[in-house]
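Look at the model below before reading on. The paragraphs after it are meant to be read with the structure open.

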Amino acid sequence: MNITKSEFGYTAQKEPVSLYRMENSSGASVTVSDYGCRLISIFVPNKEGELIDVCLGLKDMEQYLMDDASMGVVAGRCANRIAKGQFILNGSSYQLAVNNGPNHLHGGPTGFGQRVWNTRIDDDKVIFSRLSPDGEEGYPGNLNVSVTYGWSEDNELSIIYEASSDADTLFSVTSHGYFNLNGQGSDTVLDHELRIDADCITEVDATQIPTGNIPSVEGTPFDFRKFKTIGRDINVPNAQLAISDTYDHNLILNGTGFREAAVLQAKQSGIRMTCFTDQPGLQLYVPCYVLHQKGKNDIDYPAFSSVCLETQHFPDSINHSDFPSVVLKAGEAYRSKTLYHFSVM
């Protein structure tokens with residue numbers, strides 16, 4: 001594995017930002033950045049053997065500084081939404097920033113995604129780490145967190161999350177990569193075929209906070225248990241789809257432990273992406289608007305031109321006692337793994 005470092009620019013605070021490119025012997029590569037642990041590019045072969053970039057990204061560092069879509073970030077401390085930014089932990093009430101309508105989203109307005117992380121290269125891996133101090137974004141506890149990116153000879157992108165805290169806190173992270181398997185800059189992912197091993201979703205209210213109901217996907221647009229195109233049911237009249245005018249929902253994955261969660265494939269390119277995770281949920285997100293910042297090569301990314309498969313705990317878990325817990329106890333070691341395997345159909 002060949003790993004190369006290059007300069008990418010500076011933050012508003014004049015902190016230098018770098019890119020790290022991991023390339024295997026076939027030439028397939030993944031580029032990540034220490035700015036928010038971001039996925040910048042993923043070059044994998046299509047059915048013609050041509051390497052194409054299947055990961056959306058922004059034109060330059062200036063655009064990333066204005067990013068309002070969490071483009072490629074590791075979102076945390078607590079990914080997804082927390083109702084009104086409020087929770088109670090060990091009898092104490094906490095108020096987090098409200099940065100998504102009335103709710104807290106992806107760790108707050110700065111979160112993990114707008115910070116420069118420490119970096120070290122360990123053989124064939126890039127390891128980002130940082131100390132998130134007590135009170136950062138309103139969360140309790142000094143949290144040590146690391147994200148390890150690996151890239152294999154078999155075109156497997158592995159992401160390992162590890163953390164520990166000196167006080168009880170919340171912790172649930174995800175990779176917010178935007179994918180188009182026909183190549184970033186292609187018009188749509190509505191013809192991509194998707195399968196997700198999930199029998200239920202967490203129903204949400206008008207502000208996209210779980211109601212507590214766990215409806216079956218049977219007979220709904222959310223039934224991806226067999227391959228279907230993303231666009232097949234996206235315009236079907238459905239109260240849940242109407243909330244966001246698209247898919248932006250947590251599907252409850254079947255099974256436990258590290259397992260296959262979803263498969264995304266595009267007949268045009270012949271590329272297949274298989275997602276494995278040990279997480280209980282997967283947020284399916286298909287942006288239905290033109291992304292606000294300039295994409296690579298000055299591209300304006302149109303509506304429905306990408307899909308996110310965000311492995312994570314359920315939204316607002318801290319306020320639902322029957323959801324898998326996102327509480328990280330003091331002194332406890334957290335470890336989770338998600339893997340995206342790229343192949344040709």
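What follows covers strand pairing, a pocket and salt bridges.

This is a predicted model, in which local features need pLDDT of at least 70 and side-chain atom pairs count only at pLDDT 80 or more, while totals for chains, interfaces and linings use all residues. Residues are numbered from 1 along each chain as its sequence is written, and side-chain values use heavy atoms, with hydrogens and water left out.

Begin with strand S22, residues 271-277. Strands here are DSSP runs of E with at least two residues, numbered from the N terminus, and two strands pair if DSSP finds at least two bridges between them. Seven antiparallel bridges connect S22 with strand S21, residues 259-266. Within this pairing, Val263 has Thr274 of S22 as its bridge partner. S21 and S22 form a hairpin with four residues between the strands, where Gly270 has a positive phi near 80 degrees. S22 is also joined to strand S26 (residues 334-344), again antiparallel and by seven bridges. There, Arg272 stands opposite Ser343 of S26. How many of the seven residues of S22 are buried? Five of them are, so the strand is mostly covered; buried means under 20% relative accessible area, exposed means over 50%, and partly exposed lies in between (1.4 Å probe, protein chains only).

A separate description applies to an open sheet of four strands, ordered S18-S20-S23-S24 and paired antiparallel. Its edge strands, S18 (198-201) and S24 (308-312), each pair on one side only. On average, neighbouring strands of this sheet are turned by 35 degrees against each other, direction ignored; the axes are lines fitted to C-alpha atoms, and angles run from 0 to 180 degrees between N-to-C directions. Inside the sheet, strand S20 (residues 248-253) and strand S23 (residues 281-285) run antiparallel and are joined by five bridges. Asp248 has Tyr285 of S23 as its bridge partner.

The sheet's edge strand S18 also takes part in a salt bridge, through Asp199. A salt bridge is a side-chain nitrogen of Lys or Arg within 4 Å of a carboxyl oxygen of Asp or Glu, and by this rule the count comes to 20. Asp199 is bridged to Arg225, with the closest N and O atoms 3.5 Å apart. This pair links distant parts of the chain, 26 residues apart, as Arg225 sits in the loop between S18 and strand S19 (228-229). Arg225 is partly exposed at 29% relative accessible area, and Asp199 is partly exposed at 31%. Arg225 also forms a salt bridge with Asp223, the closest N and O atoms being 2.9 Å apart.

Elsewhere, a network of salt bridges links Arg115, Arg130, Glu136 and Glu137. One contact is between the side chains of Glu136 and Arg130, at 2.9 Å from N to O. Are these two residues buried or exposed? Glu136 counts as buried because its relative accessibility is 10%, and Arg130 counts as buried because its value is 11%.

Last comes the largest pocket, with about 590 Å³ of space. A pocket is an open set of points on a 1 Å grid over the protein atoms alone, where a 1.4 Å probe fits, with protein on both sides within 12 Å along at least five of seven lines; lining residues have an atom within 4 Å of a point. The volume is the space filled by probe spheres set on the points, which are joined across faces, edges and corners. Of the 30 lining residues, Asp68, Ala69, Ser70, Leu105 and His106 are the closest to the pocket's centre. By class, the lining has nine nonpolar, 15 polar and six charged residues, where Ala, Val, Leu, Ile, Met, Phe, Trp, Tyr, Cys and Pro count as nonpolar, Asp, Glu, Lys and Arg as charged, and the others, Gly among them, as polar.
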